[in-house]
Amino acid sequence: MENAMDLANKCWKKAFDVAPEFVAGYLSTAEQLLIEKPEVLGDEFKEYCTTRKVYRPATLHPNVWVSGVRALKTLGWIHPIEKVEPTKAHNHMPAVTKWRSMLYGKYLD
């Protein structure tokens, strides 16, 4: 987790500077989700976090949720599979990415 926090500081700098406890909570919660599910839709991360009481601080823009998923990709925790229709009501995008958890090793085509 320490390495993840170091990299998150580089690729998610504003969130890390403003609310490091949110970043740590997000990473920890996202890690748990990726352990439980080998494939995750991009709009699941926010819902999973909020049901576990990891809330976005008002000082951060709502797009921090998207930045968080981007950080997970940069960390190598997830790999894109395909674009699919969103399943969560909060999502206003026509498509979201389905991600494969990489916590157990390399992606095999």
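I took helices as DSSP runs of H or I with at least four residues, strands as runs of E with at least two, and numbered both from the N terminus.

**Entry 1. Overall layout**

I worked from a predicted model. I went through the secondary structure and found 5 helices and 3 strands. Along the sequence, I read the order as α-α-α-β-α-α-β-β. I then looked up burial for the 109 residues of the protein, and 39% of them are buried. For contacts with a separation of 6 or more, I noted that 57% join residues 24 or more positions apart.

**Entry 2. Helix 4 against helix 5**

I described this packing by an angle and a distance between axes, because two packed helices are described that way. Helix 4 covers residues 44–51 and helix 5 covers residues 64–75. Their axes come within 9 Å and cross at roughly 105°. Angles of 65 to 115 degrees count as roughly perpendicular, so I entered helix 4 as roughly perpendicular to helix 5.

Which residues make the contact? From helix 4 I listed F45, K46, C49 and T50, and from helix 5 I listed W65, V69 and L72. I sorted the residues of this contact into 5 nonpolar, 1 polar and 1 charged.

**Entry 3. Aromatic pairs**

I searched the whole structure for aromatic pairs and got 3. For F22 and Y26, I noted ring centres 6.2 Å apart and planes at 40°, so I logged the pair as tilted. Both residues belong to helix 3, residues 20–36, and being 4 residues apart there puts about one helical turn between F22 and Y26. I checked both for burial: F22 is buried, and Y26 is buried as well.

Next I looked at Y26 with W65, which is also an aromatic pair and is tilted, with 6.1 Å from centre to centre and 50° between the planes. This pair links distant parts of the chain, since Y26 is in helix 3 and W65 is in helix 5, 39 residues apart.

Are Y26 and W65 buried or exposed? Buried means under 20% relative accessible area. Y26 has a value of 0% and is therefore buried. W65 has 10% relative accessibility, so W65 counts as buried too. I recorded F22, Y26 and W65 as a cluster linked by ring pairs. W65 also appears in Entry 2, among the helix 5 residues that contact helix 4.

**Entry 4. E31 and L72**

I placed E31 in helix 3. Its relative accessible area is 29%, so I wrote E31 down as partly exposed. I then took the separation of the C-alpha atoms of E31 and L72, which is 9.1 Å, with the two residues 41 apart along the chain. L72 is one of the helix 5 residues in the contact with helix 4.

**Entry 5. Y48, R52 and K53**

I checked the ring of Y48 for a charge above it. The charged end of R52 sits over that ring, 3.5 Å from the ring centre.

Where does K53 lie? I found K53 in the loop between helix 4 and helix 5. I flagged its phi, which is near 65°, a positive value in a residue other than glycine. I kept the flag because most residues other than glycine have a negative phi. For accessibility, K53 has a relative accessible area of 64%, so I entered K53 as exposed.

Methods: Residues numbered from 1 in each chain as written. Predicted model: local features only at pLDDT ≥ 70, side-chain atom pairs only at ≥ 80, totals over all residues. Heavy atoms only, no water. Axes fitted to C-alpha atoms, helices over the stretch in contact; angles between N-to-C directions. Parallel < 35°, antiparallel > 145°, perpendicular 65-115°, else oblique. Contact = heavy atoms within 4.5 Å. Nonpolar A, V, L, I, M, F, W, Y, C, P; charged D, E, K, R; others polar. Phe/Tyr/Trp six-rings, centres within 6.5 Å; stacked < 30°, edge-to-face > 60°. Buried < 20%, exposed > 50% of the residue type's maximum accessible area, 1.4 Å probe, protein only. Lys NZ or Arg CZ within 6 Å of the ring centre and 35° of its normal.
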